[in-house]
Amino acid sequence: MSVSLQPLSSIISLKPEPQTTPALSQIILRAESRETVGNYLFTPTLRSHAKRIFDCAIHAKGHGFWVQAEYGAGKTALLGTILSLLMWGEEEKIWEVLRDKELRGDYERALSKRKYFPVAFSLKGLGEADGAAHDSLMRIFEEQIAEAVAQHRPDLKTQIRITSSELAVAWFDKDALPHHKAGVESYLVSHHKLSVADYRAKHGEKKLGHAIVESGLVAGKLKSKHKERFAHIYQQIVKLGGYDGLVFALDEFRSWQDRHAQHSSAAAEDEDVLETLAHVLPGEGLCILLIVASQGDIPQKLSGGGQGDRFIPLTLLGDKAKNDFGEIVAFRSVAHLPGASTGIKDYYDECRKEYKFIKQANISQEAFAAIFPFQPRVFEILSRITQSSEANNLPTARSAIRIAWQALGEAQLLTKNRLVVVSDLIRSDEMRKALASDLYKGKAQSLEAAHGRAPAVA
């Protein structure tokens, strides 16, 4: 490139090491939410996804959304940003750190007036250690709702009955007839050698509730169907907390889905739980937003009879969003310095004059700036290497971000006055991990030999 071009360090700076493994429960906390939103890039595709969710939120209209992408493609970050804006918009002035002017202009005022209670959790690892009884998605939802109440509204913790055991104790104390109380008393004495009062004093409310449920004497007395249970929980939280509705963000659903064979009774129950929240209750006027993030497809039953009937599909980094990949990687790796647009235009003009790739790919100056300082071919290679975690055990955008960031820092590329090219990527540790996978191992060894160095992998 022309020696008259400024070094990259005059135009951009390397951002701090990116956090690429966010935990949903952490990034939506009050103390973290401003950083979560401020560090998120809404590409045109991601903006359209957010609009579909926000439109439902503004009009207090419940619905289900299925965010699908490979592992590491940014599902958790999207969920965390959406929830932070719905949770803390007015209270923490979150909208003022949102970089997307279009979303701010269209939704800030309206959504700041709305108040949604959040229940956000990842299913990865849940239900594995406690036995078959905990392999119930309904039970997981109950437990996570209870945790969300304790975390976000501890003042309501003793007022809201959520789990089966809580409902059982409430029924026993307030609604049970004398013969029901006598039956529970007899059951506890017979099975545990303790009266109700002694059992409560020794084991507490929760275990007493479990014992009442185990007695079988509350069959038909509790709200047993998914629809009735969720409606009961919803009405309590909305009424006592002063909320417009509930928003559920369910991450890593694939990890749960894989535990239950397709068409099994357990899988059917999972689908019934999700359909109840995303379709049945919203159809009766309850404002429930359910956002499920998964590597897998929407189960056939949940796709409904028409597009978006039950769940609206929101795909990340798909064919229609091929430019998102490079924009996200560049955004997470570098920051533009004041006046950067002038320097970037100089690079664009130089590349357009001296190289074919600008004209061949019909790259606009805006698109060039969005991925600066990377040559577009960089992202073609990165997307191929990181496209399938199942094939080569490497995440998608997650690892690409680290490859790009490490290459910029380790190779001192910011001192140069040229674009980052494919050969620069080999310098990063993350890329070498990628090339050590079975899919690329042989070719990587050949490349190392060609460079006259010992192979990086044995």
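# Chatting through a predicted model

Reader: Okay, R200 caught my eye. What's its relative accessible area?

Author: R200 comes out at 23%, so it is partly exposed. On this scale, buried means under 20% relative accessible area, exposed means over 50%, and partly exposed is in between, using a 1.4 Å probe and protein chains only.

Reader: And what kind of model am I looking at?

Author: It's a predicted model, where local features need pLDDT of at least 70 and side-chain atom pairs count only at pLDDT 80 or more, while totals for chains, interfaces and linings use all residues. Residues are numbered from 1 along each chain as its sequence is written, and side-chain values use heavy atoms, with hydrogens and water left out.

Reader: Got it. Which residue does R200 meet in a salt bridge?

Author: D173, with 2.9 Å from N to O. A salt bridge here is a side-chain nitrogen of Lys or Arg within 4 Å of a carboxyl oxygen of Asp or Glu. D173 sits in helix α7 and R200 in helix α9, so the pair ties together parts that are 27 residues apart in sequence. D173 is partly exposed too, at 41%.

Reader: How are helices like α7 picked out?

Author: Helices (H or I, at least four residues) and strands (E, at least two) are DSSP runs, numbered from the N terminus. The protein chain has 23 helices and seven strands.

Reader: What's buried in α7, then?

Author: Helix α7 covers residues 164-174, and its buried residues are S165, L167, A168, V169, A170, W171 and F172. They pack against α8 (178-192), α9 (196-215) and α10 (226-241). A contact means heavy atoms within 4.5 Å.

Reader: How much of the whole chain is buried?

Author: Buried residues make up 49% of the 458 residues.

Reader: Back to salt bridges. How many are there?

Author: The structure holds 20 of them. One of them joins D244 and R114, with the closest N and O atoms 3.5 Å apart. That pair links distant parts of the chain, 130 residues apart: D244 is in the loop between α10 and β4 (245-251), and R114 is in the loop between α5 (101-112) and β3 (116-122).

Reader: Which one sits within a helix?

Author: Try D349 and K345, whose side chains meet at 2.8 Å, N to O. Both lie in helix α15 (residues 340-354), four residues apart, about one turn of the helix.

Reader: Why does that spacing matter for which way residues point?

Author: An α-helix has 3.6 residues a turn, so residues three or four places apart point the same way.

Reader: New topic: how do α3 and α4 pack?

Author: Helix α3 (residues 44-58) and helix α4 (residues 75-88) pack at about 25°, with their axes 11 Å apart. Axes are lines fitted to C-alpha atoms, for helices over the stretch in contact, and angles run from 0 to 180 degrees between N-to-C directions. α3 and α4 are therefore roughly parallel. The cut-offs: under 35 degrees is roughly parallel, over 145 roughly antiparallel, 65 to 115 roughly perpendicular, and the rest oblique.

Reader: Which residues make that contact?

Author: From α3 it's A50, I53, F54 and A57, and from α4 it's I82, L85 and L86. By class they divide into seven nonpolar, no polar and no charged. Ala, Val, Leu, Ile, Met, Phe, Trp, Tyr, Cys and Pro count as nonpolar, Asp, Glu, Lys and Arg as charged, and the others, Gly among them, as polar.

Reader: What about α14 and α18, what's their angle?

Author: Helix α14 (residues 324-333) and helix α18 (residues 377-385) cross at roughly 100°, and their axes come within 10 Å. That makes α14 roughly perpendicular to α18. F325, G326 and V329 of α14 meet F379, L382 and S383 of α18. That contact has four nonpolar, two polar and no charged residues.

Reader: Last one. Where's V292, and what does it touch?

Author: V292 is in strand β5 (residues 288-294). V292 is buried, with a relative accessible area of 0%. Not counting residues up to four places away in sequence, V292 touches F65, W66, V67, L250, F253, L274 and F311. The C-alpha atoms of V292 and F253 are separated by 6.9 Å, though these residues are 39 apart along the chain.
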